[in-house]
Amino acid sequence: MAGKAGKAGMAGKAGMKGTKKAKVPRAAYESELLRLQIELVKLQEWVRAEGARVVVVFEGRDAAGKGGTIKRFAEHLNPRVARIAALPKPTERERTQWYFQRYIEHLPAAGEIVLFDRSWYNRAGVEHVMGFCTKEEYQRFLRQCPVFERMLVEDGIVLRKYWFSVSDTEQQERFRRRLEDPLRRWKLSPMDLESLTRWEAYSRAKDEMLVHTDISEAPWYVVESDDKRRARLNMIAHFLGSVPYHEVPPPVLELPARPPSTGYERPPRDLQTYVPDHAAGL
């Protein structure tokens, strides 16, 4: 099942190198996305039936397409099984804890999938580049992170880590569109704009992070994301192809016959307050 669901998704680390590809046509994108989302529902049922624990880490530069991919990934999943962890900046109390502590409480129990929209890797990226942590805290993170992740995998957690890679020109264009779009303006912060002026610093931080945390037990997978449609399909297909799930037969359900009326009558409508029919004026 995994190989079939993730066809061409396990092409390897060098598979996305080369010349720029044409954007995926919308019709092809929507058709394949639907197929992959159906497979994600099958995987969800396997996770629930087997009591598996799955963690998917989404990392990358600002505006690299992480949020859109997470949205399509979780769109048709049961929020009681698959949940998104997008932690705000740490509180003063959390700043005094062991760095990984606040992330641990969001890890899955049996039968759960957790999608980390950014994760403990904040320390290797924005905290390091912006000076929000000390050099000692940063170096300690690079030493402890592989140990922490090996512990997760050793305990049976399925851990997948994806880095969404976007070019500087595409990132700047996406920032411009966000600035002009009232529906996406909230996505743009002063911290995001700082990433434009610190492009090389973030690049060096990413390279250093990969050197220390691209381990055999939990490797990094890079998603080329200048084409958002291609990135979403590639990431989801790869994920499905990397997990040895199988289809779990659903329970047999039948709609029961509606019983005969016992004389119930609905109260008069004027006793309740209804939402005005805004749509009638369109």
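Which residue in S3 is the bridge partner of Val54? Keep that in mind while you get your bearings; the tour comes back to it shortly.

**The whole chain**

What you have open is a predicted model. Start with everything shown as a cartoon. The protein chain has 11 helices and 5 strands, and its C-alpha trace spans about 75 × 50 × 45 Å along the principal axes. Of the 282 residues, 40% are buried. Now look at how the chain meets itself: among contacts with a separation of 6 or more, 81% are between residues 24 or more positions apart.

**Residues 26–248**

Select this stretch next. UniProt, in an unreviewed entry, gives residues 26–248 the feature "domain: Polyphosphate kinase-2-related". The span is 53% helix and 14% strand, and the C-alpha atoms at its ends are 31 Å apart.

**The strands**

Pick out S1 together with strand S3 (residues 112–117): they pair in the parallel sense, over 6 bridges. Here is the reply to the opening question: Val54 has Ile113 as its bridge partner in S3. Add strand S2 (residues 82–85), which also pairs with S3 in the parallel sense, this time over 4 bridges. Zoom in on Ile113 again, and you'll find Ala82 standing opposite it.

**The largest core**

Switch on side chains now. The largest nonpolar core holds 34 residues, and Phe73, Met235 and Phe239 have the most contacts inside it. Elements that give this core two or more residues are helix H2 (26–50), S1, helix H3 (66–74), S3, S4 and helix H11 (228–242). Click on Phe239 for a good look around. Leaving out residues up to four places away in sequence, Phe239 touches Leu40, Leu43, Val54, Val56, Phe73, Arg160 and Tyr162. Notice that Val54, the residue from the opening question, is one of those neighbours.

Apart from the largest core lies another one, with 26 residues, including Trp120, Tyr138, Cys145 and Trp163.

**Ring meets ring**

Next, colour the aromatic residues. There are 19 aromatic pairs in the structure. Try Phe58 and Phe164 as a stacked example: their ring centres are 6.0 Å apart, with 25° between the planes. Phe58 belongs to strand S1 (residues 53–60) and Phe164 to strand S4 (residues 158–165), so this pair ties together parts 106 residues apart in sequence. Are these two buried or exposed? Phe58 is buried, at a relative accessible area of 0%, and Phe164 is buried too, also at 0%.

For an edge-to-face arrangement, go to Phe116 and Trp120, where the centres are 5.3 Å apart and the planes make an angle of 65°. Phe116 is buried at 0% relative accessibility, and Trp120 is likewise buried at 0%.

Leave that pair selected and widen the view. Phe116 and Trp120 are part of one aromatic cluster, together with Trp98, Tyr99, Phe100, Tyr103, Tyr121, Phe141, Phe148, Trp163 and Trp220. Trp120 and Trp163 should look familiar, as they also appear in the core of 26 residues.

**Arginines over rings**

Two last stops. Select Arg61 and Trp199: Arg61 lies over the face of Trp199, at 3.5 Å from the ring centre. Then go to Tyr103, a member of the aromatic cluster. Over the face of Tyr103 lies Arg102, at 5.2 Å from the ring centre.

Technical notes: Residues numbered from 1 in each chain as written. Predicted model: local features only at pLDDT ≥ 70, side-chain atom pairs only at ≥ 80, totals over all residues. Heavy atoms only, no water. Phe/Tyr/Trp six-rings, centres within 6.5 Å; stacked < 30°, edge-to-face > 60°. Buried < 20%, exposed > 50% of the residue type's maximum accessible area, 1.4 Å probe, protein only. Lys NZ or Arg CZ within 6 Å of the ring centre and 35° of its normal. Pairing = 2+ DSSP bridges. Core = buried A, V, L, I, M, F, W, Y, C linked by side-chain atoms within 4.5 Å. Contact = heavy atoms within 4.5 Å. UniProt positions renumbered as here; feature names shortened; annotations may be inferred.
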